Amino acid sequence: MQRMTRIAFLRNSLAVFTAIALAGSAFAYFDESYAQASNEADDPRLDVIYVPTPHEVVKRMLEIAKVGPNDIHYDLGSGDGRIVISAVKDFEAKKGVGIDLDPKRIKEAQDNLAKAGVGDRVTFLNRNIFETDFSEASVISLYLLSTLNLKLRPTLLDMKPGTRIVTQSFAMDNWEPDYKESVEFDATGYKGARTVYLFVVPAKVGGKWAMNAGERNIALDLSQAFQHFKGTATVDGKNTTITDGKLNGANIEFTLEIDGKPLKYEGKVEGNGITGNNWAAKKAS
Ligand SMILES: C[S@@+](CC[C@H](N)C(=O)[O-])C[C@H]1O[C@@H](n2cnc3c(N)ncnc32)[C@H](O)[C@@H]1O
């Protein structure tokens, strides 16, 4: 990107955050961030300015993502490191990684990490989020912009099914959240609220499947849009419609009408196979 274009883009980012701040009468709260943002507007590398997530919102984001001891958490654009440090210190994540392109933020995060006493379970990387591999993450937090969330979206959708992505203020366009909540905060006297969104990476199920349910062989043809899918099933030579197709990570459910009765199927997707209680399916194409 040319230098002038980047500066214009950063000004746009600043305008978006300014709009949010003003919309919530948050001027006092964002004052300090504005000062920082103004200084940073000359840094051509940053895709978005620094504005920290209020601590109450950090806590709720990590609760909503159900962070626990089996998790590896990444914050993409980690600022002063507060979300990563809290994931490891307060939610016992086994590993936390923060990535930020601004060396000032990395220095602040390292200082905060030293005070937190969580040792080597947390790392901060001074890198560009669009050039760094974060595929080992089981939980990702984002406080960026809608445009940046969309730029990350194909990479996020290719992550392991069940990976939780928690964002605040900015969503994922037509990938609807699996959960959302307005979270109130009271930061140094200023009261406000932020919307927190949870997205669970769905397994990929689009295409043809050969399903076996008891005595029956059923051909499924599915078309998927994020965590929802629809399609047709051919049962005993007759076509029927698949309804209520839903994925929660690798967990799948749908309803088929067979002999005039709606039958609900639940199972787990593992690679090219789906296993349910008394049924199974294999990818056909
Ligand atoms: C809005 S702040 C969020 C900080 C932190 N995640 C929080 O919620 O408190 C966005 C952060 O992204 C960083 N950033 C901007 N563009 C980046 C990029 N391309 N790669 C890595 N970090 C970036 C900024 O330096 C800033 O610290």
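Hi everyone, let's start right at the ligand. One of its nitrogen atoms is 3.0 Å from a polar backbone atom of Ile 129. The protein covers 100% of the 600 Å² of accessible area that the ligand has on its own. Please keep in mind that this is a predicted model.

So what else is around the ligand? A polar side-chain atom of Asn 128 lies 3.1 Å from a ligand nitrogen atom, and a polar backbone atom of Leu 101 is 3.1 Å from a nitrogen atom of the ligand. In total, 23 residues surround the ligand. The closest are Asp 47, Thr 53, Asp 75, Gly 77 and Asp 100. And where does the ligand sit? You'll find the ligand in the largest cavity.

Now let's turn to the strands, beginning with the open sheet. Here 7 strands line up in the order E3-E2-E1-E4-E5-E7-E6, with mixed pairing. Why do strands E3 (122-125) and E6 (179-187) each have one side without a neighbour in the sheet? Both stand at the edges with a single partner strand each, so one side stays free of a neighbour. From one strand to the next, the twist in this open sheet averages 20°. Within the sheet, E5 (residues 164-168) and E7 (residues 190-200) pair in the antiparallel sense over 5 bridges. If you want a spot to look at, Ile 165 stands opposite Phe 199 in E7.

Next, the barrel. It is closed by 8 strands in the order E8-E9-E10-E11-E12-E13-E14-E15, and the pairing is antiparallel. The twist in the barrel averages 30° from one strand to the next. Take strands E10 (residues 228-235) and E11 (residues 238-248): they run antiparallel and are joined by 7 bridges. There, Gly 231 has Ile 242 in E11 as its bridge partner. Thanks for listening!

Conventions:
Residues are numbered from 1 along each chain as its sequence is written. This is a predicted model: local features need pLDDT of at least 70, side-chain atom pairs count only at pLDDT 80 or more; totals for chains, interfaces and linings use all residues. Side-chain values use heavy atoms; hydrogens and water are left out. Two strands pair if DSSP finds at least two bridges between them. Helices (H or I, at least four residues) and strands (E, at least two) are DSSP runs, numbered from the N terminus. Axes are lines fitted to C-alpha atoms, for helices over the stretch in contact, and angles run from 0 to 180 degrees between N-to-C directions. A residue is near a molecule or strand if one of its heavy atoms lies within 4 Å of it. A polar contact is a pair of N or O atoms within 3.5 Å; within protein, one must be able to donate a hydrogen and the other to accept it, and residues adjacent in sequence count only if both atoms are side-chain atoms. Accessible areas come from the Shrake-Rupley method with a 1.4 Å probe; for residues, only the protein chains shown count as cover. On a 1 Å grid over the protein atoms alone, a cavity is a set of points where a 1.4 Å probe fits but cannot get out, and a pocket is an open set with protein on both sides within 12 Å along at least five of seven lines; lining residues have an atom within 4 Å of a point. A molecule sits in a cavity or pocket if more than half of its atoms lie within 2 Å of its grid points.
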